[in-house]
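Welcome! Here are a few short exercises with worked solutions, so take a look at the structure and then try each one before reading on.

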Amino acid sequence: FFPKLQLNLNTKIEHNSNNYVSKTIDLSFVKSYNLSSLNFKVYSDSLFIKALEIKFLDVTGNYKFIENVVNINSLNGKIGEGNFDSKAIINLKDTKKIQLNGNLNNIYLNQLLRQLGLANWQRLELKLSSKNFKLTSNSQNFLENIEGRVPLTGSMYFVVTEDERFGIAFLRLLIEKIPGYKNLSKSLSQITDGFSNSPALIKGELDIKDGIINSENLYVENDDNKIKLQGSYDMINDLFDVKISFFNSNNIVVEALILGSIKDPSIQIINENNNSNVKENNNDLKIIFDKGIKSLIDKLLKVNE
């Protein structure tokens with residue numbers, strides 16, 4: 001009395017510019033001959049978005065003809081050692097509204113950025129989780145219209161070599177005679193002493209509106225050391241504008257600014273006597289690590305002479 005039509009497909013997908021690739025993907029569509037929804041299920045062992053691999057992608061949902069709405073009841077998968085589980089509602093009417101909520105677990109941000117071709121961070125290791133994130137946007141101008149709330153937890157680790165530890169310790173001895181580099185020495189010492197021996201814990205919240213990620217309460221803590229980040233990242237124009245405060249026992253040790261693109265940001269130390277001086281390479285932590293601590297020490301020894 002109530003027949004149904006079921007279509008099962010086993011195939012592969014490949015975008016013309018290789019943005020989306022899957023060697024095997026299973027699709028299932030079920031429609032009863034009544035006013036019920038069209039049910040669908042998608043499964044793939046491995047789906048590539050550019051170079052980012054999503055393993056064990058499992059999607060179930062339905063399409064409601066009358067409302068012209070797609071409900072994704074379950075959207076799960078693995079990215080590296082991490083995973084995600086989420087739900088979505090896609091309104092196909094004039095608004096084209098998309099609602100997405102769910103959880104992220106132990107996502108390795110470095111891998112994500114590297115495989116998407118956005119950045120290749122070498123010094124900073126980040127793993128992030130989010131419980132009950134909520135995002136809304138629409139299918140037209142997705143980034144420009146995205147907004148929502150993303151609670152964050154996770155871990156952060158600075159990669160510092162033994163030679164750099166020794167160099168930074170030696171740098172402390174030189175600073176007494178070259179006071180202009182005092183804040184630089186403090187920040188380098190804070191990184192090596194407080195955030196390179198073991199992962200520090202991340203906790204906070206991101207607010208997103210009109211394609212801009214904002215945070216006023218994002219903290220990284222490890223024992224007696226703490227970092228507070230305040231500012232924004234413009235996803236559309238790829239621009240950081242973030243202030244970092246380094247704390248030791250709840251006292252501010254030094255402050256810095258993260259400026260520029262996600263691929264090549266600068267981390268400028270704020271001087272005590274000139275907060276607007278953010279263009280000196282001598283105060284850029286990224287440049288100093290890229291060129292090597294020894295290069296800075298050699299320069300300071302010549303200055304001291």
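**Exercise 1.** Which residue lies over the face of Tyr-108?

*Solution.* Start from the rule: a charge sits over a ring if NZ of Lys or CZ of Arg is within 6 Å of the ring centre and within 35 degrees of the ring normal. Lys-127 is the residue to find, at 5.8 Å from the centre of the Tyr-108 ring. Next, turn to Phe-247, where Lys-226 lies over the ring face at 5.2 Å from its centre.

Before going further, note that this is a predicted model, in which local features need pLDDT of at least 70, side-chain atom pairs count only at pLDDT 80 or more, and totals for chains, interfaces and linings use all residues. Residues are numbered from 1 along each chain as its sequence is written, and side-chain values use heavy atoms, with hydrogens and water left out.

**Exercise 2.** Find the mean pLDDT of the chain, then examine residues 273–281.

*Solution.* pLDDT is the predictor's confidence in each residue, from 0 to 100. The chain has a mean of 84, with 88% of its residues at 70 or more. Over residues 273–281 the value stays under 50, and the model has 11 contacts (heavy atoms within 4.5 Å) for them beyond four places in sequence.

**Exercise 3.** Trace how strand 11 pairs with strand 10 and with strand 12.

*Solution.* Strands are DSSP runs (E, at least two residues), numbered from the N terminus, and two of them pair if DSSP finds at least two bridges between them.
- Step one: strand 10 (residues 200–209) runs antiparallel to strand 11 (residues 212–222), with six bridges. Here Leu-201 stands opposite Glu-221.
- Step two: the hairpin of strands 10 and 11 has two residues between the strands, and Asp-210 takes a positive phi near 55°.
- Step three: strand 11 also pairs with strand 12 (residues 225–234), antiparallel over nine bridges. Val-220 has Ile-227 as its bridge partner.
- Step four: two residues separate strands 11 and 12 in their hairpin, and Asp-223 in the turn has a positive phi of about 55°.

**Exercise 4.** How many aromatic pairs does a search of the whole structure find?

*Solution.* Rings of Phe, Tyr and Trp (its six-membered ring) pair if their centres lie within 6.5 Å; planes under 30 degrees apart count as stacked, over 60 as edge-to-face and the rest as tilted. The search finds two pairs. Tyr-63 and Phe-65 are edge-to-face, 5.0 Å centre to centre with 65° between the planes. Tyr-233 and Phe-240 have centres 4.6 Å apart and planes at 40°, so their pair is tilted.

Terms used: Helices (H or I, at least four residues) and strands (E, at least two) are DSSP runs, numbered from the N terminus.
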